[in-house]
Amino acid sequence: MQIRSLVLASLCGISLGFSSSVVAERSFAGPDDIPVFHPLCLQPLKQHEADGGAFDMDACSAALEDIPVKLTPGGYYAKRPANNAGEPQGFAVYQPVGVLDDAMELLLVHDKQGSEPLVSEIFVVGRISDISPGTRDYLTSIEEAGQRCNGGIKSAKLISEKELLVELNVNPDALMRLAGDASYSQEISDDSETAALSLIPPGKLDNRPTTCIGTVVKYYNLLDDQEGLSAVHLNRVMAGGADDPYQACFDKLVEKRFGKQAELTPEAFEAFSREFLLECSAG
């Protein structure tokens with residue numbers, strides 16, 4: 001996570017000119033409160049961060065008016081012009097997520113540049129309305145690059161003034177990396193036999209962008225800088241015959257425990273992760 005504690009409590013009070021009494025009474029609004037920007041202005045906005053902030057999104061959108069913006073099921077979409085050799089240069093698409101305190105906008109961004117992998121992240125963007133209505137400041141990203149399985153971040157929803165839910169597509173490697181980040185993994189004592197076992201040995205579990213096996217829902221408490229898993233949804237069992245014995249063990253264990261699909265609570269996922277660690281890792 002790259003939230004800097006919603007950068008936020010302090011950043012609202014300092015950079016965006018709010019008093020502490022206003023910050024204490026937080027509010028939030030839905031995606032309709034975010035104006036439409038040209039999608040190809042989002043990366044320039046992020047790159048402008050090092051130059052000190054204020055970026056005129058209206059001027060950028062006007063400069064790109066010859067590049068059409070389409071409203072698709074995935075959000076506002078724009079294709080980058082081909083280079084001089086006629087090679088495609090990718091696209092950008094974003095979905096408005098919501099607004100915090102009428103000061104910060106959250107945008108789910110998917111960006112594909114040339115031959116680079118598709119990157120997904122949630123932009124946290126500051127409104128600087130005392131300069132002009134379209135002036136913005138890139139603040140930080142949440143789930144930058146996501147899990148690059150079938151586009152990474154599947155959806156994001158702001159459900160209160162502090163709670164954000166993010167659904168991620170995951171392949172086996174991405175799923176178990178989340179387990180490796182969980183707090184319970186720190187409970188294993190250093191002198192136990194399992195302390196030397198790795199949940200994520202390099203190159204073992206399938207990490208291809210096309211081998212999604214389900215989704216996870218993560219929650220973020222934007223005020224307290226906390227995150228965790230809300231749910232795990234498994235909807236595909238990998239085809240048998242994995243070359244790597246570690247992946248084959250994972251496939252067998254998933255099918256044995258859950259069959260073709262399952263919805264796991266965080267506690268059930270924790271139990272599965274422990275079983276996977278003990279049954280599939282080699283000391």
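1. A salt bridge is taken here as a side-chain nitrogen of Lys or Arg within 4 Å of a carboxyl oxygen of Asp or Glu. With that criterion, a search of the whole structure, which is a predicted model, finds 11 salt bridges. The background to such pairs is that side chains of opposite charge can pair when their charged atoms come close.

2. One of these pairs is made by the side chains of Asp111 and Arg80, which meet with an N to O distance of 2.8 Å. Asp111 belongs to strand 6 (residues 104-113), whereas Arg80 sits in the loop between strand 4 (75-79) and strand 5 (90-100), so the salt bridge ties together parts that are 31 residues apart in sequence. On the question of cover, Asp111 is buried, at 6% relative accessibility, and Arg80 is buried as well, with a relative accessible area of 15%.

3. Asp173 forms a salt bridge with Arg177, and the closest N and O atoms of the two are 2.6 Å apart. Both residues lie in helix 5, and because they are 4 residues apart, about one helical turn separates Asp173 from Arg177. The burial of the two partners should be stated separately, since Asp173 is buried, with a relative accessible area of 5%, while Arg177 counts as partly exposed, at 36% relative accessibility.

4. A further salt bridge is formed between Arg208 and Asp206, where the closest N and O atoms are 2.6 Å apart. Here Arg208 is partly exposed, its relative accessibility being 47%, whereas Asp206, with a relative accessible area of 13%, is buried. Elsewhere, Asp102, Glu105, Arg127 and Arg136 are joined into one network by salt bridges that share partners.

5. Turning to the cysteines, the count comes to 3 disulfides when sulfur atoms within 2.5 Å are taken as bonded. If the bonded cysteines of the chain are numbered in sequence order, the pairing reads 1-2, 3-4, 5-6.

6. Cys41 is joined to Cys60 by a disulfide with an S to S distance of 2.1 Å, and the link of these two residues is left-handed, with -105° about the S-S bond. The pair connects distant parts of the chain, for Cys41 is placed in the loop between strand 1 (28-29) and helix 3 (42-47) and Cys60 in helix 4 (residues 57-63), 19 residues apart. Cys41 is buried, with a relative accessible area of 0%, and Cys60 also counts as buried, at 13%.

7. The sulfur atoms of Cys149 and Cys212 are 2.0 Å apart, and the two residues form a disulfide. Distant parts of the chain are again linked: Cys149 is found in the loop between strand 8 (135-142) and strand 9 (153-158), and Cys212 in the loop between helix 5 (172-181) and strand 11 (214-221), with 63 residues as their separation. Both of these cysteines, Cys149 and Cys212, are buried.

8. The disulfide that joins Cys249 to Cys280 has an S to S distance of 2.1 Å, and with -80° about the S-S bond this link of Cys249 and Cys280 is left-handed. Cys249 lies in helix 6 (residues 245-258) and Cys280 in helix 7 (residues 266-280), so placed that the pair links distant parts of the chain, 31 residues apart. Cys249 and Cys280 are both buried.

9. An open sheet of 5 strands follows the order 9-10-11-12-13, and its pairing is antiparallel. Strand 9 and strand 13 (262-264) form the edges, each pairing on one side only, and the twist averages 20° from one strand to the next. Within this sheet, strand 11 is joined to strand 12 (residues 226-234) by 8 bridges, the two running antiparallel, and Val216 stands opposite Val232 in strand 12. Helix 7, which carries Cys280, lies across strand 12 and strand 13 and runs at about 80° to strand 12.

10. For the chain as a whole, there are 7 helices and 13 strands, and buried residues make up 46% of its 283 residues. Among the contacts in the chain with a separation of 6 or more, 59% are accounted for by residues 24 or more positions apart. The accessible surface of the chain comes to about 14,300 Å², and carbon and sulfur atoms hold 50% of that area.

Key
Residues numbered from 1 in each chain as written. Predicted model: local features only at pLDDT ≥ 70, side-chain atom pairs only at ≥ 80, totals over all residues. Heavy atoms only, no water. Buried < 20%, exposed > 50% of the residue type's maximum accessible area, 1.4 Å probe, protein only. Pairing = 2+ DSSP bridges. Axes fitted to C-alpha atoms, helices over the stretch in contact; angles between N-to-C directions. Contact = heavy atoms within 4.5 Å. Areas by Shrake-Rupley, 256 points an atom, 1.4 Å probe, with all protein chains shown as cover.
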